[in-house]
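Hi everyone, thanks for making time. I'd like to walk you through a structure that is new to most of us, so let's put it on the screen.

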Amino acid sequence: SCFQTYGLFDTQWTYAADHAWFMLAKRKGLSFEACPEILLKKHLHGKNLSLHQQAYRKEVFALLKKYSD
C-alpha cells in the first residue's frame, strides 16, 4: 500500500533509489519508526552495488542536492 500511495522507486538512481524513495515518501507524509529487531542480513559479494562506494556517495550527494530545500 505504501508504493501505491507514495509511488515506486525512481529508476534514474542506480545506487540511491532507496534513499530517493524514502526522502520523497517522507515529504509526502509517510512517517517512520525504528525497529529494534534485526529483520535482514545482507550478503556481500562482488556484484553488490553498495560496494561501489565512490559512485554511491556521488549519487547520494546528487540526490541530496536535488531534493534539499
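I'll talk about the cysteines, then a surface patch, then one of the helices. Please keep in mind that this is a predicted model.

Let's begin with the cysteines. How many disulfides are there? The count comes to zero. Why is that, for Cys 2? A disulfide needs two cysteine sulfur atoms within 2.5 Å, but the sulfur of Cys 2 has its closest cysteine sulfur 15 Å away, in Cys 35, so the two are too far apart for a bond. As for their surroundings, Cys 2 is partly exposed, at 34% relative accessible area. Cys 35 is partly exposed too, with a value of 44%.

Now to the surface. Phe 3, Leu 8 and Phe 9 together make a nonpolar patch of about 330 Å². You can find Phe 3 in helix 1, which covers residues 2-6. Its relative accessibility is 39%, so Phe 3 counts as partly exposed.

Finally, have a look at helix 3, residues 53-67. With 15 residues at 1.5 Å a residue, helix 3 should span 21 Å, and its end C-alpha atoms are indeed 21 Å apart. Which residues of helix 3 are buried? Those are Glu 59, Val 60, Leu 63 and Tyr 67. They cover an arc of only 100 degrees around the axis, so they sit on the same side of helix 3. Turn to the face pointing away from that buried side, and you'll meet the exposed residues Gln 54, Lys 58, Phe 61 and Lys 65.

That's my tour, and thanks for listening!

How values were computed:
Residues are numbered from 1 along each chain as its sequence is written. This is a predicted model: local features need pLDDT of at least 70, side-chain atom pairs count only at pLDDT 80 or more; totals for chains, interfaces and linings use all residues. Side-chain values use heavy atoms; hydrogens and water are left out. Buried means under 20% relative accessible area, exposed over 50%, partly exposed in between (1.4 Å probe, protein chains only). Patches are made of residues with over 30% relative accessible area and no salt bridge: like charges are joined within 9 Å, nonpolar side chains (Val, Leu, Ile, Met, Phe, Trp, Tyr) within 5 Å. Accessible areas come from the Shrake-Rupley method with a 1.4 Å probe; for residues, only the protein chains shown count as cover. A salt bridge is a side-chain nitrogen of Lys or Arg within 4 Å of a carboxyl oxygen of Asp or Glu. Helices (H or I, at least four residues) and strands (E, at least two) are DSSP runs, numbered from the N terminus. The expected span of a helix is 1.5 Å times one less than its number of residues. The arc is that of the directions from the helix axis to the C-beta atoms.
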